[in-house]
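Please look over the chain shown below before reading on. The briefing that follows covers its sheets and then its nonpolar cores.

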Amino acid sequence: MEAKIVGDMLPAVICKLAKGETVITENGGMSWMDEGIEMKTTTNGGIMKGIGRAFAGESIFMNMYTAEKDNAEIAFASSFPGQILEFDLKEGESIIAQKRAFLCSEKTVDIKMQFRKKLGAGFFGGEGFIMQKITGPGKVYLEIDGSVIKRELAEGEKLKVDNGYVAAMTEDVKLDIETVKGVKNILFGGEGLFVTTVKGPGTVYLQTMPVSKLAGLLYLGQQK
């Protein structure tokens, strides 16, 4: 499968398929496609796996698009202003992503929910108790809110992040929460009681405008 990412703040990924190649997406994920592409709706692994994806922010059913001729193009547009990230995962290699990040992938890619090891990281960390674990082999495309900042963390290196700004990370990165120190910081600092922490080694992909942050700003704007 060949693919290219086009557009600026509202990007799309355009996939060019050879005859017999298949790309998968969640329900309603396709934006446009050539003739000669067959669609099939499936749970892609059984109803229980579909329910697991639903907990991770995706739909129970997936749509599979298979080319019936060479060079058939199909496009998947982002649903929120931001960027699309491409990962070409090796066999058994995984990326951990926020809910609703999955856009599309090759058929060989596996998507399932990823539980936090600690309940606190989910209930108070802002990234959610359940994330997505996406495992290769194959190419996968993720939607990121706003712009992407990539940080490489060394062994034991820690980064403190405001809630909702962690978009994706490699599997070896550890995510947890810490309590903000100081009564004044908690009451007047505007960051809340908890802050998300990520610890290396590994790669962290940060997003500059989480949907939750934008929703909060719009709500405050309506109150004025």
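Two strands are said to pair if DSSP finds at least two bridges between them, and strands themselves are DSSP runs (E, at least two residues) numbered from the N terminus. This is a predicted model, in which local features need pLDDT of at least 70, side-chain atom pairs count only at pLDDT 80 or more, and totals for chains, interfaces and linings use all residues. Residues are numbered from 1 along each chain as its sequence is written, and side-chain values use heavy atoms, with hydrogens and water left out.

**Six-stranded sheet**
- Six strands make up an open, antiparallel sheet in the order 5-6-3-10-13-8, whose edges are strand 5 (37-42) and strand 8, each pairing on one side only.
- Strand 8 is joined to strand 13 by eight bridges, the two running antiparallel, and isoleucine 84 stands opposite glutamate 143 in strand 13.

**Four-stranded sheet**
- Another open sheet has four strands in the order 1-2-7-4, with antiparallel pairing, and its edge strands are strand 1 (2-6) and strand 4 (32-33).
- Five bridges link strand 1 with strand 2 (residues 12-17) in the antiparallel sense, and valine 6 stands opposite alanine 12 in strand 2.

**Nonpolar cores**
- A nonpolar core is a set of buried Ala, Val, Leu, Ile, Met, Phe, Trp, Tyr and Cys residues joined through side-chain atoms within 4.5 Å, where buried means under 20% relative accessible area (1.4 Å probe, protein chains only).
- The largest such core has 20 residues, and those with the most contacts (heavy atoms within 4.5 Å) inside it include Phe87, Ile95 and Tyr205.
- Apart from that core lies another of 15 residues, among them Val13, Ile37, Ala67 and Ile84.

Note on methods. Buried means under 20% relative accessible area, exposed over 50%, partly exposed in between (1.4 Å probe, protein chains only).
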